[in-house]
Amino acid sequence: MLNTPHITDFPRTGSPEEQLRFLLRYAILAPSSHNSQPWLWQIEGDEVTLRADFKRAMPNLDPNHRELIMSCGAALQHLCLAIRAFGYAALVHTLPDRSQPDLLARVRLSAPRPATANDELLFRFITKRHTHRGHFEDKPLPCELLNALQQQCEFEGAALHFAQTSEDRDSIVGLVERGDLIQNRDPGSRRDIADWIAPTENRPDGIPASALGLGDLMGHIAPLAQRYLDRGEVIAARDKKIASNAPVLAVLSTSEDTPQGWLAAGQALGRLLLRARAEGVWASFFSQPIQVNEPWFQLRHMTGVHHFPQLVFRLGYADPVAATPRRSVDEVTTVVPIGEPIEA
Ligand SMILES: Cc1cc2nc3c(=O)[nH]c(=O)nc-3n(C[C@H](O)[C@H](O)[C@H](O)COP(=O)(O)O)c2cc1C
């Protein structure tokens, strides 16, 4: 189901359209909320337009589309890294605009330009990055890496806060638990989560049960249990354990809580996850304290009142995990013949 691209298949002498089609294979490997892959691409000549696919929204978990747009931001980052790694400039216009909320960015494949060492490094790990929901080793991360992750975020105008004190850690763990309890009481949120659990890997989207650590039988039962039972206590206890044991707990934030800010948060997320993988570090996420209002407001004590929390996650070393499925580039891309107006 996951058709991993190979560098040697790049159509070096192909048309810009063929090249962009190939480069989009890296974009679609980006992380997305519940593996919803909420992106649509439109290629016209040497330009590709990124649109949000609101049909893949989660109305209860993510009513404002924060996570949907962040997911698109991460895919945009992957595309730009791939363009640069293959030796071209990527001219990017980010476009969130209330009058056309789905239109997020236009990227032009531009004149040849050597990639920077940082771009090459991040690009190399696009096919090796996956979300790791398992146990992390009790081994600290080097300070240089934590600084490097903060720099990657600053590059996109976002900020990364690490829980430095035991009070900060306890506070984040408590907010994750609280988020789980509140969220699982709500039938609408439970339904959104259930809709995106994929019992088998034959489905090209959703989180495969195997990535959630479930076997075949439990994989088939999990969506039903998630939909109809409030398992908040069990989920909160599990998340408390993995969050408390994480070597690093972090909060990604932006100075704007707008579609532009969410897109930037996604671009920063794309960079920081790849930089972490380059050092053998895995990540996994806790969206609950962002999705539920009360913990989100409390998280702002950590990020400072001028910053808005966008994602909570943990980082650490662990055994490898497998990739999850993706829809193909063909399924999410249309090509506009050159000269025809791009649909507004
Ligand atoms: C904005 C955002 C929020 C996410 N929140 C969670 C989360 O709360 N829990 C979780 O297990 N994974 C979360 N994920 C990870 C996705 O489930 C994951 O990226 C997706 O299933 C694809 O798998 P991959 O990252 O291994 O490629 C999140 C990803 C994004 C981009």
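How far is an oxygen atom of the ligand from an N or O atom in the side chain of Arg-133? Select both and you will find 2.7 Å, a polar contact (a pair of N or O atoms within 3.5 Å; within protein, one must be able to donate a hydrogen and the other to accept it, and residues adjacent in sequence count only if both atoms are side-chain atoms).

Before we go on, some ground rules. This is a predicted model, where local features need pLDDT of at least 70 and side-chain atom pairs count only at pLDDT 80 or more, while totals for chains, interfaces and linings use all residues. Residues are numbered from 1 along each chain as its sequence is written, and side-chain values use heavy atoms, with hydrogens and water left out.

**Stop 1: the ligand**

Stay with the ligand and show Ser-287, where a polar side-chain atom sits 2.6 Å from a ligand nitrogen. Then add Thr-324: one of its polar side-chain atoms is 3.1 Å from an oxygen atom of the ligand. On its own the ligand exposes 620 Å², and the protein buries 93% of that (accessible areas come from the Shrake-Rupley method with a 1.4 Å probe; for residues, only the protein chains shown count as cover).

Now select the whole shell, 19 residues, of which Arg-129, Thr-131, Arg-133, Ser-287 and Arg-326 come nearest (near means that a heavy atom of the residue lies within 4 Å of the molecule or strand). By class the shell holds six nonpolar, nine polar and four charged residues (Ala, Val, Leu, Ile, Met, Phe, Trp, Tyr, Cys and Pro count as nonpolar, Asp, Glu, Lys and Arg as charged, and the others, Gly among them, as polar). Colour α2 (66–85) and β9 (282–286), the elements that give two or more residues to this shell (helices are DSSP runs of H or I with at least four residues, strands runs of E with at least two, numbered from the N terminus).

**Stop 2: His-78**

Follow helix α2 to His-78. Is His-78 buried or exposed? His-78 counts as buried because its relative accessibility is 0% (buried is under 20% relative accessible area, exposed over 50%, partly exposed in between, with a 1.4 Å probe and protein chains only). A polar atom of its side chain lies 3.0 Å from the backbone oxygen of Tyr-26. Leaving aside neighbours within four places in sequence, its contacts include Pro-31, Ile-126, Arg-129 and Leu-274 (contact means heavy atoms within 4.5 Å).

**Stop 3: salt bridges**

The count is 16 salt bridges (a side-chain nitrogen of Lys or Arg within 4 Å of a carboxyl oxygen of Asp or Glu).

Start at Arg-108, which is partly exposed at 36%. Its side chain meets Asp-46 in a salt bridge, 3.4 Å from N to O. Asp-46 lies in the loop between β1 (39–44) and β2 (47–52), Arg-108 in strand β4 (residues 103–112), 62 residues apart. Arg-108 also has a salt bridge to Glu-47 at 3.1 Å. Glu-47 is in strand β2 and Arg-108 in β4, so this pair ties together parts 61 residues apart in sequence.

Next select Asp-119 and Arg-84, whose closest N and O atoms are 2.8 Å apart in a salt bridge. Asp-119 is in helix α3 (residues 117–124) and Arg-84 in helix α2, so the pair joins parts 35 residues apart in sequence. Both residues are buried.

To finish, show Asp-53, Lys-55, Arg-56, Arg-203 and Asp-205 together: a network of salt bridges links them.
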